[in-house]
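Biologist: I would love a close look at a single part of this structure, namely how one domain of chain A sits against another. Could you walk me through that contact and then set it in its wider surroundings?

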Amino acid sequence: MQKDFRYIGKETPRKDAASIVRGKAKYIDDLKLPGMLHARVLRSPHAHALIKEIDTSRAAQLDGVKAVLTYKEIPAWRGGLPSHLGVLSQTVRFTGDAVALVAAESEAAAEAALDLIDVQYELLDAVYDAEEAVKPDAPQLYAQFPGNLFPLACPWMGPNSLQQVVMGDVNEGFAQSDIIVEGSCKYDNIPNPLPLEPPGVIVSWEGPDELVVWSSTQAPYFLKMLLYYGMGRINVRSISAHCGGSFGTKAAPWPLVYQAAALAKVTRRPVKLFYSKAEHFAAYTLRLGSTFSGKIGIKRDGRVMAVEGEWLINTGYCSDAAQGMVAVGCGEVQLLIRCANWDIRPKLVCTNRSASKMVRGYGGQELESAFLPVLSMAMEKADLDPFEFFKKNYVKPGDDYYWRDGNLWTCRGTDYAQAMEKGAELFGWKEKWKGWLKPASVNGAKRTGVGVGVHGNADVGEDVSEAYVRLEPNATAVIYSCVSEHGTGQPSNLCKMAAEVLKLPLEAVTLTPPDTLVNPYEFGPVGSRGTYAIGSAVINAAMDARQKLLTRAAAMFQCEPEELDTEDGMIFHKGEKGERIPWKALSVEHTYIGYGRFEPDFSVPNFVMIFVEVEVDIETGKIELKRVVGATDVGQIIDPQGLRNQMHGCLGSAGIDSAIFEESILDKKLGRFLNTNMLDYKWRTFAELPVFDSVILETPIDTHLFKAVGFGEIVTSPAPSAVLMAVSNAVGKRLNEYPLTPDKILKNIR
Amino acid sequence: MPEVLITLAVNGQKYILKIGAGQGEVDPSHTLAHTLRENLGLTGTKAGCNRGECGACTVLLAGKPVLSCITLAVECDGKDITTIEGLEDPHTGELDPVQQSFLESGAFQCGFCTPGMIMSVKALLRDLPEPTDEQIREALSGHFCRCITHYHVLEAVGRTIGKSR
């Protein structure tokens, strides 16, 4: 295949690089509109309560306050899946739930007004654990969801969205198994993905049904669609600022939009709502709580014969499309393990804590982090090397799996065994693996251990993308794709792809601002879909535009368009040293617009394997993460720096450290989180960086012109269970708890 | 009440600001970060937590890195302040070597922590032109980066040191 690319696979500075290092990139909090008011939200101090009385009169009289809204006077906009949420409600369902909204001339005035709102609550019993919430006598959060159970259908993934993993005959599978284990593991420490920038929006009504929204979503068109349906078919123009980190959590900030838009409607002024870090911690997005309890049967040679169990999922006080994460989790577990007989039944449960919403890992990280420790018990019993086990069991071309749409798909991707081998070699797996529950080394109280995890996602080809490319006579090109920069470099990568197709200098290719008024439909850069899905739309649009240009030129050259080529804004006859004419010679009053579209394709799973080495001090219980190796095969690297950065992201956004120290600590007596600040919520610093090496192979994958597949979203997912494995091996005892803080280590080994 | 003024010398330019609660005035409770962003329009300084816990708001006060979100503007009266906007050459726009190295190393992802980190690196290299790896990590340990760009940031610091040799 062609490898002599100008830009693909080469290090090129990101398009926004200079603006970022100069401090000129504009994030949502950097934007101001004339006449803009500032909003604050009064939040419930109780985990479950009914608002008996609410008096806003004192607050409304404060200088600078322009509006105070309660559940009594808000628009009937709806959200949640199935629809169960309004802008505000008379019932508050978690500590931090919105009670009232204030808009004022300054943030300080809005904040001061919150203290002047008088609320009387009738306290209701609350429930926090999923196991408790499903019991018959548990407090009920919603009358329409008895047993605190949400239905599992996810209509936007199709009429038959995946709601379980059921196939084959598990009884027969167990009968054929050499080893059967039963067990349970909880990954319910609900870590916070915690992008540095808190979420925020600015809204402005331009007419009774015309709303303009500025936000930090990476997927402005997706947000527009959500608002269109949730707010009564209104016309929304959705614009993104630079996004200061999302990890999925900022894709759909509709609750903030509703809050700000309600205030903007009554005040007839633009309104900005920017959450504080405390709100970001206590009232925004957490990972799903996840418990797997079940039975797994395997053969001694590592073939998995049957998996049966319950996946209990705690989504907090509401479901904001958690069903989508259930569907994807159910799909991803099948990529992990080749098995003919499955019976995993999910239960999606609501409880009185802040919500688990969209997060990188998207159901797969949560299911696998609970499932793999149980599967490890079977590997241990059979004395199987987990690396060899994963290599044997990870999905291979020709294997079938049910994906989120409920359809059976056949993998036509790559056999990732080579990337696994290279990763193991670099890590030194064969030397360090001493067997289950055996340390790799012992030095006094310090024990080292190794672990490995694997993950992949077929959502790299999810949903629809559209793009235009406009060629200008001055030999430049503009890409119309509704994608904002959220850290992955995707907008710049799209420019690289178009520049490669059009053989233009990279500087000559630009991208429109992420604004739905300008751009065609785009689901957005989520689920690692940027490279394949969005990339395909842009490549197709660039090729279409090129074809239109050459068709016009063909008349001048008196030949067929296919006989022509273009490079650096010149058009010429292929293979001949003839005339070269610039684009503008065709006409300076002619642009060429190409259109490209991508339709969903779930047949190409991506892949990452994470190897970890930890050192555990058995006297203090402290874990030191010594070394991490990430291995993948992406078909073709688009941008080496960006890709390595994405790989390193395994250490961030509620990834690897959700097994070591990251947790949202819920006081179940008070019903509130205890660590809603960046000192008490632990995070990895520069002083504690492990050695990190990456193996990134490039075996062409049949996706688009550049044979590449997306990667970023998946990298956190295999890490937590790999850490549990490594620590268990280091201390010589199976530890199936997250996170392994020193108290848990010491409790278990003494 | 007599008019009270403070003078901030930001990026080589003097700003005389009135203390008060009115529009465009500096309230005694206002932080330096707030004043830089809201009064002077210097939004390159980011507020990640507004509690002095994440490092994003780092600026140089009399040459030393400080957390501008927990520094009161009134405390800075008469002092020199450098923000991210003050690093490039004001006439040519040429980037500071630290900025240039971050650009070349791709030492950012979402970029929200980047200005603060660059300011800390700037201060470090002024005091210690040839820091050890441990000193670099220590100097940056107060900066939260959730995307995990740490490895590329370390490369960028190394690149800057290499250039100055």
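**A domain contact in chain A**

Modeller: Happy to! Chain A of this predicted model holds 18 helices and 32 strands. Its residues are shared out over domain 1 (17–26 + 463–598), domain 2 (31–124 + 197–244 + 250–282) and domain 3 (289–460 + 603–749). The part to look at is where domain 1 of chain A touches domain 3 of chain A. To that contact domain 1 brings 14 residues and domain 3 brings 21 residues, while the C-alpha centres of the two domains lie 38 Å apart.

If you turn to the domain 1 side, two helices of chain A each give two or more residues: α14 (490–502) and α15 (530–557). Of the elements there, α15(A) gives the most, with 6 residues. As for chemistry, this side of domain 1 has 9 polar residues, along with 3 nonpolar and 2 charged ones.

Now let us step back to chain A as a whole. A compact globule of 750 residues would have a radius of gyration near 27 Å, and chain A agrees with this because its own value is 27 Å. Along the principal axes, its C-alpha trace spans about 85 × 75 × 50 Å. Of the 750 residues, 59% count as buried. Among contacts in chain A with a separation of 6 or more, 81% join residues 24 or more positions apart.

For a smaller piece of chain A, try the open sheet with the strand order β4-β2-β6, in which the pairing is antiparallel. Strands of a sheet pair through backbone hydrogen bonds. The edges of this sheet are β4 (91–92) and β6 (118–123) of chain A, each of which pairs on one side only. Strand β2 (residues 49–55) of chain A is joined to β6(A) over 6 bridges in the antiparallel sense. If you want one pair to find on screen, look for A:L50, whose bridge partner in β6(A) is A:E122.

Finally, chain A also has a partner chain to compare with the domain contact. Here 42 residues of chain A are in contact with 39 residues of chain B. On the chain B side, α2 (97–105), α3 (114–127), α4 (133–140) and α5 (150–164) each supply at least two residues. By class, the residues on that side of chain B are 19 nonpolar, 13 polar and 7 charged. Set beside this, the side of domain 1 of chain A that touches domain 3 has 3 nonpolar, 9 polar and 2 charged residues.

Note on methods:
Residues are numbered from 1 along each chain as its sequence is written. Chains are lettered from A and ligands numbered from 1 in the order in which they are written. This is a predicted model: local features need pLDDT of at least 70, side-chain atom pairs count only at pLDDT 80 or more; totals for chains, interfaces and linings use all residues. Two residues are in contact if their C-beta atoms, placed from the backbone, lie within 7 Å. Helices (H or I, at least four residues) and strands (E, at least two) are DSSP runs, numbered from the N terminus. Ala, Val, Leu, Ile, Met, Phe, Trp, Tyr, Cys and Pro count as nonpolar, Asp, Glu, Lys and Arg as charged, and the others, Gly among them, as polar. Domain bounds come from an automatic or database domain assignment. Two strands pair if DSSP finds at least two bridges between them. The radius of gyration is taken over C-alpha atoms; the globule rule is 2.2 Å times the number of residues to the power 0.38. A residue is buried if 20 or more other C-beta atoms lie within 10 Å of its own, exposed if 12 or fewer, and partly exposed in between; C-beta atoms are placed from the backbone.
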